[in-house]
Amino acid sequence: MTRTGKEERTTTLEALADREYPWGFVSDIEADALPPGLSEDVIRLISGKKQEPEFMLQWRLRAYRHWVKLERTAGAPKWANVKYAPIDYQAIVYYSAPRRQGEGPASLDEVDPKLLETFAKLGIPLGEQQRLAGVAVDAVFDSVSVATTFKEKLAELGIVFCAFSEAVRDHPDLVQRYLGSVVPYTDNFYAALNSAVFSDGSFCYIPKGVRCPMELSTYFRINTAGSGQFERTLIVAEAGSEVSYLEGCTAPRRDENQLHAAVVELVAHEGARIKYSTVQNWYAGDAEGRGGIFNFVTKRGLCAGRGARISWTQVETGSAITWKYPSVILRGDDSVGEFYSVALTANRQQADTGTKMIHIGRNTRSTIISKGISAGRGNNTYRGLVKILPRADHARNYTQCDSLLLGDRCGAHTFPYIEVGNASSTAEHEASTSKISDEQLFYCKQRGISGDNAVSMIVNGFCKEVFRNLPMEFAVEATKLLGVSLEGSVG
Amino acid sequence: MLSIRGLCAGVEGKAILKRIDLEVGAGEVHAVMGPNGSGKSTLAQVLAGHPAYTVTAGEVTYLGQDLLALPPEERARAGVFLAFQYPVEIPGVSNAYFLKSAVNEQRARQGLEELDAMEFLELLEAKLRLVEMDRSFVNRPVNEGFSGGEKKRNEILQMAVLEPKLAILDETDSGLDIDALRVVAQGVNRLRRPDNATILVTHYQRMLEYVEPDHVHVLFDGRIVKSGDRTLALELERRGYDWIRDEAAGARPAAV
């Protein structure tokens, strides 16, 4: 007997709730953690644990005082199209590190095997023998970086790729010069919080004219319950240099929400190119919206010199709430900014994500391609700003913003802001909203293709323009991830 | 091969098919004709398992199995192919990728190994020639931006690649110019084999000039009211459908 379309829809969308999260395990690793809570003392403790120079501590304290002021007045930003209970910032653990034997690992051989095992299980082998060819990895576990591969090899070219805390010790001049230069701690509530308490992250410096011979990547893992992760990443590309950087992230499955408030700053000098790709797969919470990561992230790049180019590509499939706007300030003449995004919200996930392209220089160009996919009771918002300043003669922007809906209980919203202050410039905006239709599914099934494969095929087709911009391995990963995330979304 | 007995089906409580009986044997071509709204397309969709239609009575046996018990993808993998009247667009998914997935899911069911990209391309090349289609076709997204004729040819290409046992062509001739019609018909003829069968659903006799049917059935108000050979199609062409309507009304006890 043939079932009606409506019945089929309902059962299938229920099934979506059962999607698996294979990265939800907890590693049994003894942690050296601070008690929950935030105060100037906590910040001094964090800075002390990292043996930071005085300038760093002072900067953190200034950020903290600014945050306290914000917390007492306006509080966290409320304009985003997401809903959540207020966060108790005194209940969060701001520093948690795997306990070390002695002074901490000087080489991979000294890293706790349990940590290596954890990353291997996540598909990130760090050992000499198994490490990924052509990709240098910085592995961050809770608040600290536990290992960085290919460091020496990159150093031969003058490239610095290391944990942020290491950079503070070994390259204080660079850190002091660039830290907060693109995202000052006064930028927003979460940026202020991050600046006060940030623990680790990656630091990359590509010298003049050097083309980085391998992909640089950081893998972020949250493990300890009740802890927040506040990573800080800074990439500086000197004139004529080139680098491609990848970022991945996962966390255990837990009923409580965990906060992840990161700041990423990119600086591209004259003619430099930075390509930054993210596959974000934090734990998203269960079908009822219990648990999951609050992913409140500030990412911004500065095209400082003429002809610089910064390209953001993000695939956001995880997190209970995503609040993230990777942006580009196009200061150099002829500089180029790009933003390619796929954001998927299933179950009760919420995403408010997009970009800002600030055109300051002449002949600056920006491209925004955003693909939002909503399933279950997910809520997906694109929020974007294209601002063309009076000096930006002949600036050009092209924005394409597409939403795909699966089922009838999810939502898609678009808030594009366009401010043009120069008459010779052009800004183009195209938007579409579509549904995976019963006809498309039936057409695929009539050719013998299963419902799951059909949805995954249609969604991947929808995301094609974005996936094209991902490095090869990541594109494969992203395709698989979307498949897993949408498994069971039709019967 | 296919045996339909007392099939009744409808959509949203509205009865459309009212007791259809039809026997289709291997190697045969059956034309199902009838005026608009007689239930021709519904019959095609119900056989393929479209979820919008509800079967209320009757049974359909296909190669010894209960066809109606199978979900649409299983019917397809068992060799039932529907050439859609309105082929559906799938943006961003190339024809080649789509067809390769279809072929491999079918092969998986038959316990055959999957075709790799090279083997599949070879197969596809041969079939492209059959329907006189350009190679560039395979890299274009499924039906997106295709002209009406290209969409119909694409259906025949898919049919050629999937080699169905039972092909149901739903108004594949509608909206085609004479050249496209010739190509489509030629494709159908070349795919005719003693062990497969074809059901041509059509409004006009035009297609039947190229594809010669063994049997012609006239569907009217959800029933097959007349069956015959080729000459019935010619008679319909000449006289229209009105006399069928009158005959059907006369044959039934006065309604109302």
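Colleague: How many residues does each chain give to the contact between chain A and chain B?

Modeller: This is a predicted model. In it, chain A contributes 23 residues and chain B contributes 27 residues.

Colleague: Which elements of chain A give two or more residues to that side?

Modeller: They are α1 (5–16), α9 (438–446) and α10 (451–467) of chain A. The largest share, seven residues, is from α9(A). Sorted by class, the side of chain A that touches chain B holds seven nonpolar, nine polar and seven charged residues.

Colleague: How do α9(A) and α10(A) pack?

Modeller: Start with the general idea. For two packed helices, give the angle between their axes and the distance between the axes. Now the case here. The angle between α9(A) and α10(A) is about 120°, and their axes are 9 Å apart. So α9(A) is oblique to α10(A). The crossing of α9(A) past α10(A) is right-handed.

Colleague: Which residues meet there?

Modeller: From α9(A), Gln440(A), Leu441(A), Cys444(A) and Lys445(A). From α10(A), Gly451(A), Ala454(A), Met457(A) and Ile458(A). This contact of α9(A) with α10(A) has five nonpolar residues, two polar and one charged.

Colleague: Now a single residue. Is Gly354(A) buried or exposed?

Modeller: Count C-beta neighbours inside 10 Å; the cut-off for buried is 20 or more. Gly354(A) has 26, so Gly354(A) is buried. Gly354(A) sits in strand β18 (residues 350–359) of chain A.

Colleague: What is Gly354(A) in contact with, leaving aside neighbours within four places in sequence?

Modeller: Tyr325(A), Ser370(A), Tyr382(A), Arg383(A) and Gly384(A). Take Ser370(A): 16 residues from Gly354(A) along the chain, with 7.4 Å between their C-alpha atoms.

Technical notes:
Residues are numbered from 1 along each chain as its sequence is written. Chains are lettered from A and ligands numbered from 1 in the order in which they are written. This is a predicted model: local features need pLDDT of at least 70, side-chain atom pairs count only at pLDDT 80 or more; totals for chains, interfaces and linings use all residues. Helices (H or I, at least four residues) and strands (E, at least two) are DSSP runs, numbered from the N terminus. A residue is buried if 20 or more other C-beta atoms lie within 10 Å of its own, exposed if 12 or fewer, and partly exposed in between; C-beta atoms are placed from the backbone. Two residues are in contact if their C-beta atoms, placed from the backbone, lie within 7 Å. Ala, Val, Leu, Ile, Met, Phe, Trp, Tyr, Cys and Pro count as nonpolar, Asp, Glu, Lys and Arg as charged, and the others, Gly among them, as polar. Axes are lines fitted to C-alpha atoms, for helices over the stretch in contact, and angles run from 0 to 180 degrees between N-to-C directions. Angles under 35 degrees count as roughly parallel, over 145 as roughly antiparallel, 65 to 115 as roughly perpendicular and the rest as oblique. A crossing is left-handed if the near helix is turned anticlockwise from the far one by less than a right angle, and right-handed if clockwise.
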